[in-house]
Amino acid sequence: MNQLLNIIRCLVIGAGGGGGGGYQAGGGGAGLLHYKTGHPVNPATPYPVTIGSGGKGGRFGPAPGGEVAGRAGGDSVFAGLTATGGGYGNSYWPGPGSNPGGPGGSAGGAGCNPGAGSARAGDGDSGHPGGIDVVSPAN
């Protein structure tokens with residue numbers, strides 16, 4: 001019996017962002033996650049796969065001498081689904097005040113001098129109620 005595979009379950013996850021350099025730095029954000037059941041595909045169509053690379057962490061050292069903020073994680077893509085990479089974490093340089101983390105599937109953390117950083121909302125799914133194929137509320 002020869003059956004065609006035209007409905008799949010797939011999981012696509014963006015790469016995590018790199019954390020900020022130095023102390024009082026924010027961590028990198030997580031990549032967005034897509035889990036989809038019943039995703040239609042055409043067995044005769046080749047589907048390229050893109051796997052996002054993890055973001056590089058920031059270096060220790062004051063700006064402008066070093067790259068003190070991390071780098072965002074790369075996007076992962078399969079069959080029309082894109083999972084955004086995580087946001088970069090920032091450093092406390094230059095101070096004073098807060099240096100927000102970067103946007104992404106889940107935003108990176110802020111670095112702060114003297115330690116009163118503010119949070120940043122992620123761009124991806126937030127407040128997911130759980131379950132399969134449940135649409136998350138907008139962030």
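This text walks through a small open sheet, a buried serine, a nonpolar surface patch and an exposed leucine. The model is predicted.

Start with the sheet. Three strands form an open sheet in the order β3-β4-β5, and their pairing is antiparallel. The edges belong to β3 (49-50) and β5 (81-83). Each edge strand has a single partner, so one side of each lacks a neighbour in the sheet. Between β4 and β5, the antiparallel pairing runs over 3 bridges. Look at V77 for the register: across from V77 stands T82 of β5.

Now stay in β4 and move to S76. This residue belongs to strand β4, which covers residues 76-78. Is S76 buried or exposed? Its relative accessible area is 5%. The limit for buried is under 20%, so S76 counts as buried. Its side chain has a polar partner too. That side chain reaches the backbone nitrogen of G52 at 3.0 Å.

What does S76 touch, leaving aside residues up to four places away in sequence? One run of contacts is V12, I13, G14 and A15. Another is T50, I51 and G52. L81, T82 and A83 complete the list. G52 therefore appears twice for S76: as a contact and as the residue whose backbone nitrogen the serine side chain reaches.

I13 leads outward from here. It is among the residues touched by S76, and it lies in strand β1. At a relative accessible area of 42%, I13 is partly exposed. That value falls between the 20% and 50% limits, so neither buried nor exposed applies.

I13 also helps build a patch on the surface. Together, L11, I13, L33 and Y35 make a nonpolar surface patch of about 370 Å². Which elements give two or more residues to this patch? They are β1 (7-13) and β2 (33-40).

Finish ahead of β1. L5 lies in the segment before that strand. Its relative accessibility is 55%. Exposed means over 50%, so L5 counts as exposed. L5 still has contacts beyond its sequence neighbours. With residues up to four places away left out, L5 touches V41 and P43. A C-alpha distance adds to the picture. L5 and A44 are 39 residues apart along the chain, and 9.8 Å separates their C-alpha atoms.

Note on methods:
Residues numbered from 1 in each chain as written. Predicted model: local features only at pLDDT ≥ 70, side-chain atom pairs only at ≥ 80, totals over all residues. Heavy atoms only, no water. Helix = DSSP H or I, 4+ residues; strand = E, 2+ residues; numbered from the N terminus. Buried < 20%, exposed > 50% of the residue type's maximum accessible area, 1.4 Å probe, protein only. Polar contact = N/O pair within 3.5 Å; in protein donor to acceptor, adjacent residues only side chain to side chain. Contact = heavy atoms within 4.5 Å. Patch = residues over 30% accessible without salt bridge, like charges linked within 9 Å, V, L, I, M, F, W, Y side chains within 5 Å. Areas by Shrake-Rupley, 256 points an atom, 1.4 Å probe, with all protein chains shown as cover. Salt bridge = Lys/Arg side-chain N within 4 Å of Asp/Glu carboxyl O. Pairing = 2+ DSSP bridges.
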